[in-house]
Amino acid sequence: MTVARYKSAADVLDTWRDDVLQGTPPTLYPIGTGALGGIEVGPGLVTLLGGAPGAGKTALAMQWVIEALRLTPSLRALVCNIEMPPTVLMDRQLARLSGVDLSTIRHRRLKSEHTDRIHQGLCTLASVADRLCFVRPPFDLGNVAAAADNFGADLIVLDYIQRISLPAGAGQHEHDRGRVNRTMDYLRQFADAGVAVIVVSAVGRSKDSRGRSSYAGEGLNLASFRESSELEFGADDAFILYPDSDDDAGGESGMMTLKHLKSRHGECRTLSLCFDRKRQSFTHDATVDAAQVETGKVRSALAELWKRTQTASEGDDDE
(Lines give C-alpha, C1' and ligand atoms only; values in the text may rest on other atoms or scores of the structure.)
Protein backbone atom coordinates (compact mmCIF):
# COMPACT_ATOMS: atom_id res chain seq x y z
CA MET A 1 0.00 0.00 0.00
CA THR A 2 1.31 3.40 -0.99
CA VAL A 3 1.67 5.87 1.88
CA ALA A 4 0.48 9.36 1.03
CA ARG A 5 3.18 11.97 1.58
CA TYR A 6 2.31 15.67 1.46
CA LYS A 7 2.45 18.91 3.40
CA SER A 8 -0.34 21.44 3.54
CA ALA A 9 0.23 25.14 2.93
CA ALA A 10 -0.81 25.79 6.55
CA ASP A 11 2.15 23.67 7.70
CA VAL A 12 4.68 25.88 5.92
CA LEU A 13 2.91 29.23 6.14
CA ASP A 14 4.48 30.58 9.34
CA THR A 15 8.06 29.71 8.44
CA TRP A 16 7.62 30.93 4.88
CA ARG A 17 5.99 34.20 5.99
CA ASP A 18 8.81 34.93 8.46
CA ASP A 19 11.38 34.26 5.78
CA VAL A 20 9.64 36.58 3.31
CA LEU A 21 9.35 39.40 5.85
CA GLN A 22 12.67 39.05 7.67
CA GLY A 23 14.74 36.40 5.89
CA THR A 24 18.09 36.67 4.14
CA PRO A 25 17.99 37.17 0.35
CA PRO A 26 19.64 34.50 -1.83
CA THR A 27 23.38 34.76 -2.43
CA LEU A 28 24.17 35.81 -6.02
CA TYR A 29 27.51 36.37 -7.71
CA PRO A 30 27.43 39.45 -9.97
CA ILE A 31 28.95 38.63 -13.37
CA GLY A 32 29.08 42.18 -14.70
CA THR A 33 27.66 45.64 -14.27
CA GLY A 34 24.40 47.12 -15.48
CA ALA A 35 22.03 44.71 -17.19
CA LEU A 36 24.66 41.96 -17.35
CA GLY A 37 24.85 42.12 -13.57
CA GLY A 38 21.17 41.21 -13.44
CA ILE A 39 21.81 37.67 -14.71
CA GLU A 40 21.42 35.36 -11.73
CA VAL A 41 24.40 33.12 -10.97
CA GLY A 42 24.69 31.78 -7.46
CA PRO A 43 24.75 28.79 -5.09
CA GLY A 44 22.12 26.21 -5.99
CA LEU A 45 21.51 27.64 -9.46
CA VAL A 46 22.21 26.03 -12.85
CA THR A 47 22.56 28.61 -15.63
CA LEU A 48 22.40 27.25 -19.17
CA LEU A 49 24.03 29.13 -22.08
CA GLY A 50 23.60 27.85 -25.63
CA GLY A 51 24.78 29.07 -28.96
CA ALA A 52 25.77 28.11 -32.48
CA PRO A 53 29.39 27.34 -33.35
CA GLY A 54 31.35 30.61 -33.35
CA ALA A 55 28.59 32.61 -31.65
CA GLY A 56 30.91 33.55 -28.79
CA LYS A 57 29.39 31.50 -25.99
CA THR A 58 32.80 30.49 -24.60
CA ALA A 59 33.96 34.11 -24.68
CA LEU A 60 30.81 35.21 -22.86
CA ALA A 61 31.05 32.44 -20.26
CA MET A 62 34.70 33.27 -19.51
CA GLN A 63 33.87 36.98 -19.29
CA TRP A 64 31.23 36.09 -16.69
CA VAL A 65 33.77 34.03 -14.73
CA ILE A 66 36.49 36.68 -14.63
CA GLU A 67 34.03 39.44 -13.74
CA ALA A 68 32.49 37.29 -11.01
CA LEU A 69 35.95 36.72 -9.51
CA ARG A 70 36.71 40.44 -9.66
CA LEU A 71 33.41 41.48 -8.07
CA THR A 72 33.32 38.79 -5.35
CA PRO A 73 36.79 38.62 -3.74
CA SER A 74 36.02 35.40 -1.86
CA LEU A 75 34.74 33.49 -4.90
CA ARG A 76 36.63 30.48 -6.29
CA ALA A 77 35.88 29.16 -9.78
CA LEU A 78 36.64 25.98 -11.70
CA VAL A 79 36.46 25.82 -15.52
CA CYS A 80 36.18 22.61 -17.51
CA ASN A 81 36.70 23.53 -21.17
CA ILE A 82 36.94 20.65 -23.65
CA GLU A 83 38.19 22.55 -26.69
CA MET A 84 40.62 25.20 -25.44
CA PRO A 85 43.64 24.93 -23.13
CA PRO A 86 44.01 27.44 -20.28
CA THR A 87 46.60 29.51 -22.17
CA VAL A 88 44.17 30.14 -25.05
CA LEU A 89 41.40 31.14 -22.64
CA MET A 90 43.83 33.47 -20.87
CA ASP A 91 44.90 35.00 -24.21
CA ARG A 92 41.27 35.85 -24.88
CA GLN A 93 40.69 37.41 -21.48
CA LEU A 94 43.90 39.42 -21.76
CA ALA A 95 42.61 40.82 -25.06
CA ARG A 96 39.33 41.80 -23.42
CA LEU A 97 40.89 43.36 -20.34
CA SER A 98 43.71 45.17 -22.14
CA GLY A 99 41.87 46.25 -25.28
CA VAL A 100 44.71 44.85 -27.41
CA ASP A 101 43.37 42.70 -30.24
CA LEU A 102 43.56 38.95 -29.81
CA SER A 103 45.59 38.35 -32.97
CA THR A 104 48.40 40.57 -31.68
CA ILE A 105 48.44 38.70 -28.37
CA ARG A 106 48.12 35.23 -29.91
CA HIS A 107 51.04 35.78 -32.30
CA ARG A 108 53.09 37.54 -29.60
CA ARG A 109 53.51 40.72 -31.64
CA LEU A 110 53.33 43.13 -28.74
CA LYS A 111 55.01 46.49 -29.19
CA SER A 112 55.89 49.35 -26.88
CA GLU A 113 52.54 51.06 -27.45
CA HIS A 114 50.82 48.03 -25.93
CA THR A 115 52.87 47.95 -22.73
CA ASP A 116 50.59 49.92 -20.39
CA ARG A 117 47.40 48.19 -21.47
CA ILE A 118 48.93 44.72 -21.37
CA HIS A 119 50.32 45.44 -17.93
CA GLN A 120 46.89 46.49 -16.70
CA GLY A 121 45.29 43.35 -18.12
CA LEU A 122 47.96 41.10 -16.63
CA CYS A 123 47.55 42.72 -13.22
CA THR A 124 43.80 42.08 -13.34
CA LEU A 125 44.30 38.42 -14.22
CA ALA A 126 46.99 38.06 -11.56
CA SER A 127 44.56 39.39 -8.96
CA VAL A 128 42.17 36.47 -9.56
CA ALA A 129 44.61 33.74 -10.66
CA ASP A 130 44.82 32.00 -7.28
CA ARG A 131 41.01 31.66 -7.22
CA LEU A 132 40.63 30.22 -10.73
CA CYS A 133 41.55 26.71 -11.85
CA PHE A 134 41.14 24.63 -15.00
CA VAL A 135 40.23 20.94 -15.17
CA ARG A 136 42.84 18.68 -16.76
CA PRO A 137 41.92 15.42 -18.54
CA PRO A 138 40.03 13.20 -18.13
CA PHE A 139 37.09 15.45 -18.87
CA ASP A 140 34.42 13.59 -16.93
CA LEU A 141 32.10 14.63 -14.15
CA GLY A 142 33.89 12.46 -11.60
CA ASN A 143 37.11 14.40 -12.17
CA VAL A 144 35.18 17.69 -12.20
CA ALA A 145 33.62 16.89 -8.83
CA ALA A 146 36.94 15.81 -7.30
CA ALA A 147 38.73 18.91 -8.61
CA ALA A 148 35.97 21.25 -7.45
CA ASP A 149 35.99 19.71 -4.00
CA ASN A 150 39.78 19.85 -3.70
CA PHE A 151 39.99 23.44 -4.95
CA GLY A 152 36.97 24.58 -2.93
CA ALA A 153 35.15 25.90 -5.99
CA ASP A 154 32.00 27.97 -5.48
CA LEU A 155 31.39 28.25 -9.24
CA ILE A 156 31.76 25.51 -11.88
CA VAL A 157 31.74 26.15 -15.64
CA LEU A 158 31.26 23.22 -18.03
CA ASP A 159 32.05 24.04 -21.67
CA TYR A 160 30.52 22.31 -23.39
CA ILE A 161 28.23 19.80 -21.79
CA GLN A 162 27.72 17.41 -24.73
CA ARG A 163 31.46 16.60 -24.70
CA ILE A 164 31.86 15.95 -20.96
CA SER A 165 31.64 12.32 -19.95
CA LEU A 166 29.84 10.72 -17.04
CA PRO A 167 31.94 9.33 -14.19
CA ALA A 168 33.56 5.95 -14.82
CA GLY A 169 30.99 3.16 -14.82
CA ALA A 170 28.03 5.54 -14.92
CA GLY A 171 26.62 4.75 -18.34
CA GLN A 172 29.10 6.34 -20.73
CA HIS A 173 27.90 4.04 -23.50
CA GLU A 174 24.33 5.28 -23.44
CA HIS A 175 23.04 7.11 -26.51
CA ASP A 176 23.71 10.83 -26.54
CA ARG A 177 20.31 11.93 -25.28
CA GLY A 178 20.31 9.50 -22.38
CA ARG A 179 23.87 10.40 -21.43
CA VAL A 180 23.14 14.15 -21.37
CA ASN A 181 20.00 13.51 -19.34
CA ARG A 182 22.07 11.57 -16.78
CA THR A 183 24.60 14.41 -16.82
CA MET A 184 21.94 16.91 -15.78
CA ASP A 185 21.17 14.78 -12.74
CA TYR A 186 24.80 15.21 -11.64
CA LEU A 187 24.70 18.96 -12.27
CA ARG A 188 21.66 19.29 -10.04
CA GLN A 189 23.57 17.43 -7.34
CA PHE A 190 26.41 19.96 -7.69
CA ALA A 191 23.91 22.81 -7.35
CA ASP A 192 22.11 21.19 -4.42
CA ALA A 193 25.49 21.02 -2.66
CA GLY A 194 25.62 24.83 -2.78
CA VAL A 195 27.69 25.37 -5.93
CA ALA A 196 26.83 27.75 -8.79
CA VAL A 197 26.92 25.97 -12.16
CA ILE A 198 27.21 27.52 -15.63
CA VAL A 199 26.59 25.03 -18.43
CA VAL A 200 27.61 25.87 -22.01
CA SER A 201 25.68 23.88 -24.61
CA ALA A 202 25.60 23.34 -28.33
CA VAL A 203 22.30 24.01 -30.06
CA GLY A 204 20.69 22.36 -33.04
CA ARG A 205 19.64 24.10 -36.21
CA SER A 206 16.08 25.38 -36.40
CA LYS A 207 13.67 26.34 -39.17
CA ASP A 208 12.91 30.01 -39.79
CA SER A 209 9.58 31.36 -41.06
CA ARG A 210 10.59 30.47 -44.63
CA GLY A 211 11.50 26.91 -43.73
CA ARG A 212 15.23 27.48 -44.00
CA SER A 213 17.60 25.62 -41.66
CA SER A 214 19.72 28.01 -39.63
CA TYR A 215 21.04 29.02 -36.24
CA ALA A 216 19.06 32.28 -36.43
CA GLY A 217 17.22 33.51 -33.37
CA GLU A 218 13.79 33.50 -35.00
CA GLY A 219 13.38 29.76 -34.58
CA LEU A 220 15.54 29.11 -31.51
CA ASN A 221 13.74 27.98 -28.37
CA LEU A 222 14.14 25.64 -25.41
CA ALA A 223 13.95 22.64 -27.72
CA SER A 224 17.05 23.89 -29.56
CA PHE A 225 19.47 22.67 -26.88
CA ARG A 226 21.07 19.68 -28.53
CA GLU A 227 20.22 16.10 -27.51
CA SER A 228 18.32 16.78 -24.34
CA SER A 229 15.07 17.99 -22.89
CA GLU A 230 16.63 17.55 -19.45
CA LEU A 231 19.03 20.46 -20.02
CA GLU A 232 16.30 23.05 -20.25
CA PHE A 233 14.13 21.28 -17.67
CA GLY A 234 16.90 21.07 -15.08
CA ALA A 235 18.28 24.58 -15.56
CA ASP A 236 17.09 27.52 -13.48
CA ASP A 237 17.83 29.99 -16.28
CA ALA A 238 18.37 29.23 -19.96
CA PHE A 239 19.86 31.58 -22.55
CA ILE A 240 20.69 31.28 -26.25
CA LEU A 241 23.24 33.61 -27.87
CA TYR A 242 22.89 34.37 -31.57
CA PRO A 243 23.83 37.10 -34.11
CA ASP A 244 21.13 39.55 -35.08
CA SER A 245 21.88 39.13 -38.79
CA ASP A 246 24.22 37.35 -41.19
CA ASP A 247 26.37 40.50 -41.27
CA ASP A 248 26.73 40.33 -37.48
CA ALA A 249 27.82 36.69 -37.62
CA GLY A 250 31.25 37.59 -39.00
CA GLY A 251 33.63 40.49 -39.08
CA GLU A 252 35.34 42.34 -36.28
CA SER A 253 32.20 43.13 -34.30
CA GLY A 254 28.49 42.51 -34.45
CA MET A 255 25.22 42.82 -32.63
CA MET A 256 24.12 39.75 -30.73
CA THR A 257 20.99 38.80 -28.83
CA LEU A 258 21.17 36.96 -25.53
CA LYS A 259 17.70 35.43 -25.59
CA HIS A 260 16.39 34.59 -22.12
CA LEU A 261 14.21 31.54 -22.68
CA LYS A 262 13.56 30.40 -19.14
CA SER A 263 13.67 31.91 -15.65
CA ARG A 264 12.57 29.70 -12.79
CA HIS A 265 12.74 32.48 -10.20
CA GLY A 266 11.70 35.63 -12.05
CA GLU A 267 11.01 37.24 -15.38
CA CYS A 268 12.91 36.60 -18.61
CA ARG A 269 15.02 39.55 -19.71
CA THR A 270 16.49 39.29 -23.19
CA LEU A 271 19.55 41.50 -23.76
CA SER A 272 21.14 43.09 -26.82
CA LEU A 273 24.92 42.76 -26.76
CA CYS A 274 27.75 44.03 -28.92
CA PHE A 275 30.44 41.41 -29.51
CA ASP A 276 33.90 42.78 -30.24
CA ARG A 277 35.50 39.69 -31.75
CA LYS A 278 38.96 41.22 -32.03
CA ARG A 279 39.03 41.65 -28.26
CA GLN A 280 36.60 38.86 -27.27
CA SER A 281 34.49 41.34 -25.34
CA PHE A 282 30.74 41.62 -24.84
CA THR A 283 29.08 44.89 -23.86
CA HIS A 284 25.43 45.60 -23.27
CA ASP A 285 23.68 47.91 -25.72
CA ALA A 286 20.95 49.60 -23.70
CA THR A 287 19.87 51.74 -26.65
CA VAL A 288 18.83 48.66 -28.62
CA ASP A 289 16.94 47.26 -25.64
CA ALA A 290 15.10 50.58 -25.28
CA ALA A 291 14.27 50.58 -28.98
CA GLN A 292 12.91 47.05 -28.73
CA VAL A 293 10.70 48.09 -25.82
CA GLU A 294 9.37 51.03 -27.81
CA THR A 295 8.80 48.79 -30.83
CA GLY A 296 6.85 46.43 -28.62
CA LYS A 297 4.70 49.32 -27.35
CA VAL A 298 3.98 50.47 -30.89
CA ARG A 299 3.04 46.95 -31.98
CA SER A 300 0.73 46.58 -28.98
CA ALA A 301 -0.90 49.91 -29.73
CA LEU A 302 -1.42 48.99 -33.39
CA ALA A 303 -2.86 45.62 -32.41
CA GLU A 304 -5.32 47.30 -30.02
CA LEU A 305 -6.27 49.87 -32.67
CA TRP A 306 -6.86 47.09 -35.21
CA LYS A 307 -9.00 45.21 -32.70
CA ARG A 308 -11.15 48.30 -32.05
CA THR A 309 -11.44 48.94 -35.78
CA GLN A 310 -12.61 45.39 -36.40
CA THR A 311 -15.16 45.62 -33.58
CA ALA A 312 -16.49 48.89 -34.94
CA SER A 313 -16.75 47.42 -38.45
CA GLU A 314 -18.72 44.45 -37.15
CA GLY A 315 -21.07 46.85 -35.38
CA ASP A 316 -21.66 48.76 -38.61
CA ASP A 317 -22.51 45.53 -40.39
CA ASP A 318 -25.09 44.68 -37.74
CA GLU A 319 -26.88 47.95 -38.41
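Is Gln 280 buried or exposed? In this predicted model, Gln 280 has a relative accessible area of 7% and is therefore buried, the limit for that class being under 20%. The residue belongs to the loop between β10 and β11. Although Gln 280 is not a glycine, its phi is positive, at about 55°. The loop forms the turn of a hairpin, in which four residues separate β10 from β11. The two strands of this hairpin run antiparallel and are joined by four bridges; within this pairing, Cys 274 has Thr 283 in β11 as its bridge partner.

The hairpin strands are part of an open sheet of nine strands, arranged in the order β3-β2-β4-β5-β1-β8-β9-β10-β11 with mixed pairing. The edges are formed by β3 (132-134) and β11 (281-284), each of which pairs on one side only. On average, and with direction ignored, neighbouring strands of the sheet are turned by 20° against each other. Elsewhere in the sheet, strand β4 (residues 155-159) pairs with strand β5 (residues 196-202) in the parallel sense, over five bridges. Here the bridge partner of Val 157 is Ile 198 in β5. Both senses of pairing rest on the same kind of interaction, since strands of a sheet pair through backbone hydrogen bonds, either parallel or antiparallel.

Two helices that lie across strands of the sheet may be described next. Helix α2 (residues 57-71) lies across β1 (46-51), β2 (77-81), β3, β4, β5, β8 (237-243), β9 (253-263), β10 (271-276) and β11, and runs at about 145° to β1. Helix α3 lies across β2, β3 and β11, and its direction makes an angle of about 140° with β3.

Ser 98 is located in helix α3, which spans residues 86-98. With a relative accessibility of 8%, Ser 98 counts as buried. A polar atom of its side chain lies 2.6 Å from the backbone oxygen of Leu 94, and a polar atom of the Ser 98 side chain lies 3.1 Å from the backbone nitrogen of Val 100. When neighbours within four places in sequence are left aside, Ser 98 is in contact with Ile 105, Arg 117 and Ile 118. The C-alpha atom of Ser 98 is separated by 7.8 Å from that of His 119, a residue 21 positions away along the chain.

A second buried helical residue is Thr 183, which has 0% relative accessibility and is found in helix α7 (residues 176-192). Beyond its neighbours within four places in sequence, Thr 183 is in contact with Leu 141, Ile 161, Ile 164 and Leu 166.

Further backbone features occur in the loops. Most residues other than glycine have a negative phi, and most peptide bonds are trans. Against this background, the peptide bond from Pro 137 to Pro 138 is cis, with omega near 5°, and Pro 138 is placed in the loop between β3 and α6 (141-151). A cis peptide bond also joins Asp 159 and Tyr 160, with omega of about -5°; Tyr 160 lies in the loop between β4 and α7. Arg 108 has a positive phi near 55° and is a residue other than glycine. Its position is in the loop between α4 (102-106) and α5 (115-128). At 55% relative accessibility, Arg 108 counts as exposed, whereas Gln 280, with a relative accessible area of 7%, is buried.

Terms used. Residues are numbered from 1 along each chain as its sequence is written. This is a predicted model: local features need pLDDT of at least 70, side-chain atom pairs count only at pLDDT 80 or more; totals for chains, interfaces and linings use all residues. Side-chain values use heavy atoms; hydrogens and water are left out. Buried means under 20% relative accessible area, exposed over 50%, partly exposed in between (1.4 Å probe, protein chains only). Contact means heavy atoms within 4.5 Å. A polar contact is a pair of N or O atoms within 3.5 Å; within protein, one must be able to donate a hydrogen and the other to accept it, and residues adjacent in sequence count only if both atoms are side-chain atoms. Two strands pair if DSSP finds at least two bridges between them. Axes are lines fitted to C-alpha atoms, for helices over the stretch in contact, and angles run from 0 to 180 degrees between N-to-C directions.
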